[in-house]
Amino acid sequence: LSVLLGFLLSGEASRNIRAIVKGELKKGYVESSVAIGGNMWWVLKKHISKVLFPYSLYQLSIAIPRVLALLTIMGFFSIAPGFNWGSMMSQTVVMGATYTYRFNWWQVLPVGISIGVLSISFTLLATWIEEEFVRV
């Protein structure tokens with residue numbers, strides 16, 4: 001399910017990567033590398049990858065919290081198969097309401113805090129990548 005969601009959510013990033021590669025291939029240093037005998041794989045490895053690597057890391061660090069939140073929501077409503085953070089939260093809510101008629105916040109709060117900390121850490125990573133590699 002995660003691979004399918006990743007495939008479905010990668011459309012914008014793949015279009016941007018294609019545009020970056022096409023733009024870089026038209027630059028002078030790439031054309032001169034091809035003119036002196038560099039094949040396309042060498043050009044991709046030496047020139048294009050240096051531009052794509054920070055962008056790909058940035059897109060990955062933005063996509064992970066989105067996929068995590070989507071899987072958690074799907075798990076909470078028992079749409080996603082398997083055991084995940086959403087199913088842990090929904091089991092606590094359902095079992096707490098069924099057996100004790102009260103909400104056990106100490107069973108839901110650690111999961112929510114873990115999701116929040118993980119999402120914030122990936123967002124901070126994306127901000128650092130943007131500041132480090134984007135030169136204006």
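**Exercise 1.** Is Arg-66 buried, partly exposed or exposed?

*Solution.* The structure is a predicted model.
Step 1. Take the relative accessible area of Arg-66, which is 43%.
Step 2. Compare this value with the cut-offs: buried means under 20%, exposed means over 50%, and partly exposed lies in between.
Step 3. Arg-66 is therefore partly exposed.
Step 4. Place the residue in the fold: Arg-66 belongs to helix 4, which covers residues 40-76.
Step 5. Look for a partner far along the chain. Ser-119 is 53 residues from Arg-66 in sequence, and their C-alpha atoms are 8.4 Å apart in space.

**Exercise 2.** Describe the secondary structure of the protein and how its residues are covered and connected.

*Solution.*
Step 1. Count the elements: the protein has six helices and zero strands.
Step 2. Write them in sequence order, which gives α-α-α-α-α-α.
Step 3. Turn to burial. Of the 136 residues in the protein, 27% are buried.
Step 4. Turn to the surface. The accessible surface is about 9,600 Å², and carbon and sulfur atoms hold 70% of it.
Step 5. Turn to contacts. Among contacts with a separation of 6 or more, 55% join residues that are 24 or more positions apart.

**Exercise 3.** Which residues are closest to the centre of the largest pocket, and which helix gives the largest share of its lining?

*Solution.*
Step 1. Start with the volume: the largest pocket holds about 350 Å³ of space.
Step 2. Its lining has 16 residues, and those closest to the centre are Leu-9, Ser-10, Gln-59, Ala-63 and Arg-66. Arg-66 is the partly exposed residue of the opening exercise.
Step 3. Assign the lining to helices. Helix 2 (11-25) and helix 4 each provide at least two lining residues.
Step 4. The largest share comes from helix 4, with nine residues.
Step 5. Sort the lining by residue class: nine residues are nonpolar, five are polar and two are charged.

**Exercise 4.** What does the side chain of Ser-90 lie 3.1 Å from, and which residues does Ser-90 contact beyond its sequence neighbours?

*Solution.*
Step 1. Locate the residue: Ser-90 is part of helix 5, residues 85-100.
Step 2. Its relative accessible area is 10%, so Ser-90 is buried.
Step 3. A polar atom of the Ser-90 side chain lies 3.1 Å from the backbone oxygen of Ser-87.
Step 4. Examine that partner. Ser-87 is also in helix 5, and because its relative accessibility is 9%, Ser-87 counts as buried.
Step 5. List the contacts of Ser-90, leaving out neighbours within four places in sequence: they are Gly-75 and Phe-76.
Step 6. Do the same for Ser-87, not counting residues up to four places away: Ser-87 touches Gly-75, Phe-76 and Gly-82.
Step 7. Put the two lists together: both Ser-90 and Ser-87 touch Gly-75 and Phe-76.

**Exercise 5.** Is Pro-54 buried or exposed, and which residues does Pro-54 touch beyond its sequence neighbours?

*Solution.*
Step 1. Pro-54 is found in helix 4.
Step 2. The relative accessibility of Pro-54 is 12%, so this residue counts as buried.
Step 3. Not counting residues up to four places away in sequence, Pro-54 touches Ile-129 and Phe-133.
Step 4. Take the second of these partners. Phe-133 is 79 residues from Pro-54 along the chain, yet the C-alpha atoms of the pair are separated by 6.5 Å.

Methods: Residues are numbered from 1 along each chain as its sequence is written. This is a predicted model: local features need pLDDT of at least 70, side-chain atom pairs count only at pLDDT 80 or more; totals for chains, interfaces and linings use all residues. Side-chain values use heavy atoms; hydrogens and water are left out. Helices (H or I, at least four residues) and strands (E, at least two) are DSSP runs, numbered from the N terminus. Buried means under 20% relative accessible area, exposed over 50%, partly exposed in between (1.4 Å probe, protein chains only). A polar contact is a pair of N or O atoms within 3.5 Å; within protein, one must be able to donate a hydrogen and the other to accept it, and residues adjacent in sequence count only if both atoms are side-chain atoms. Contact means heavy atoms within 4.5 Å. Accessible areas come from the Shrake-Rupley method with a 1.4 Å probe; for residues, only the protein chains shown count as cover. On a 1 Å grid over the protein atoms alone, a cavity is a set of points where a 1.4 Å probe fits but cannot get out, and a pocket is an open set with protein on both sides within 12 Å along at least five of seven lines; lining residues have an atom within 4 Å of a point. Grid points are joined across faces, edges and corners, and a volume is the space filled by probe spheres set on the points. Ala, Val, Leu, Ile, Met, Phe, Trp, Tyr, Cys and Pro count as nonpolar, Asp, Glu, Lys and Arg as charged, and the others, Gly among them, as polar.
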